[in-house]
Amino acid sequence: AWTYLRPRHQLRAASGKQPLSMDRRAWYYGLALALALHNLEEAVMASRMVGMMQSRAPVFLRALYSGINVGELRINLLVLTGVGLSLAVLAARAPLTTGWSYVMLVFGAVIGLNALAHIGLSIWFRTYMPGLGTGTLITLPLVVALLRKAWHERWVSQLAFWSTAAAAIL
């Protein structure tokens, strides 16, 4: 009689389907796992990546990588992986909140843009760029699927959804 008072995710759980919150948690952890695998690929190939970025990258990227050595890159990748995992854990604690949904959509947009950057740099270099494999095979498809799901299920408002790209660039 009072089922109309229950949140949607509880109604889904009562109907025998997987609760919406578990579904979002899986997406959040999936993003963190994709980032970890991507950063692992970059860490394994760090010397190649640093060499390419310092010698053949566009000027603005050469300047960015000019003072970075392989060890520092690996430490940075480890820290970024920790940040991604921490965000996923925190968001999974309150998966249905609009705020954490937005944070994870921005996180997804950031790693999606990074995958596009790896594709662009591989074209620029005309060779394999470390991170290209996981970026194209795991990260980009996952982010596209996540964004489609979030749009169809209205995880955030339309304005917030469309602002994720700008927030990711900043």
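**Pockets, cores and salt bridges of a helical model**

Good morning. With 5 residues, helix α6 gives the most to the lining of the second largest pocket. Please keep in mind throughout that this is a predicted model.

Let me stay with that pocket for a moment. The volume of the second largest pocket is about 230 Å³. Its lining is made up of 13 residues, and those nearest the centre are Ala109, Val143, Leu147, Thr164 and Ala165. Two or more lining residues come from each of α6, α7 (132–153) and α8. Sorted by class, this lining has 10 nonpolar residues, 3 polar residues and no charged residues.

I turn now to the largest pocket, whose volume is about 830 Å³. It is lined by 33 residues, with Tyr65, Leu80, Val110, Asn114 and His118 the closest to the centre. The helices that each give two or more residues to this lining are α2 (20–44), α3 (46–55), α4 (59–65), α5, α6 (98–125) and α8 (158–169). Which of them supplies the largest share of the lining of the largest pocket? That share comes from α6, with 10 residues. The lining of the largest pocket has 24 nonpolar, 8 polar and 1 charged residues. Helix α6 therefore deserves your attention on the screen, as it gives the most to the lining of the second largest pocket and the largest share to that of the largest pocket.

The next topic is the nonpolar interior. The largest nonpolar core holds 20 residues, and the members that touch the most others are Leu31, Met104, Leu105 and Trp155. At least two residues of this core are supplied by each of α2, α5, α6, α7 and α8. Helix α2 provides the largest share, 6 residues. Apart from this core there is a second, separate one of 14 residues, which includes Ala46, Met49, Leu121 and Phe125.

Leu31 merits a closer look. Beyond its neighbours within four places in sequence, Leu31 is in contact with Met104, Phe107, Gly108, Ile111, Leu142, Val143 and Leu146. One of these, Val143, also appeared among the residues nearest the centre of the second largest pocket. The C-alpha atom of Leu31 is separated by 8.7 Å from that of Leu85, although the two residues are 54 apart along the chain. Leu85 belongs to helix α5, which spans residues 70–93. Is Leu85 buried, partly exposed or exposed? Leu85 counts as partly exposed, because its relative accessibility is 41%.

I come finally to the charged side chains. In general, side chains of opposite charge can pair when their charged atoms come close. How many salt bridges does the structure hold? There are 2 salt bridges. One joins the side chains of Asp23 and Lys149, at 3.0 Å from N to O. This pair links distant parts of the chain, with Asp23 in helix α2 and Lys149 in helix α7, 126 residues apart. Asp23 is buried, since its relative accessible area is 18%, whereas Lys149, at 22%, is partly exposed.

Lys149 also meets Glu153 in a salt bridge, at 2.7 Å from N to O. Lys149 and Glu153 are 4 residues apart in helix α7, so about one helical turn separates them. Glu153 has a relative accessible area of 18% and is therefore buried. Asp23, Lys149 and Glu153 are thus linked in a network of salt bridges.

Thank you for your attention.

How values were computed
Residues are numbered from 1 along each chain as its sequence is written. This is a predicted model: local features need pLDDT of at least 70, side-chain atom pairs count only at pLDDT 80 or more; totals for chains, interfaces and linings use all residues. Side-chain values use heavy atoms; hydrogens and water are left out. Buried means under 20% relative accessible area, exposed over 50%, partly exposed in between (1.4 Å probe, protein chains only). On a 1 Å grid over the protein atoms alone, a cavity is a set of points where a 1.4 Å probe fits but cannot get out, and a pocket is an open set with protein on both sides within 12 Å along at least five of seven lines; lining residues have an atom within 4 Å of a point. Grid points are joined across faces, edges and corners, and a volume is the space filled by probe spheres set on the points. Ala, Val, Leu, Ile, Met, Phe, Trp, Tyr, Cys and Pro count as nonpolar, Asp, Glu, Lys and Arg as charged, and the others, Gly among them, as polar. A salt bridge is a side-chain nitrogen of Lys or Arg within 4 Å of a carboxyl oxygen of Asp or Glu. A nonpolar core is a set of buried Ala, Val, Leu, Ile, Met, Phe, Trp, Tyr and Cys residues joined through side-chain atoms within 4.5 Å. Contact means heavy atoms within 4.5 Å.
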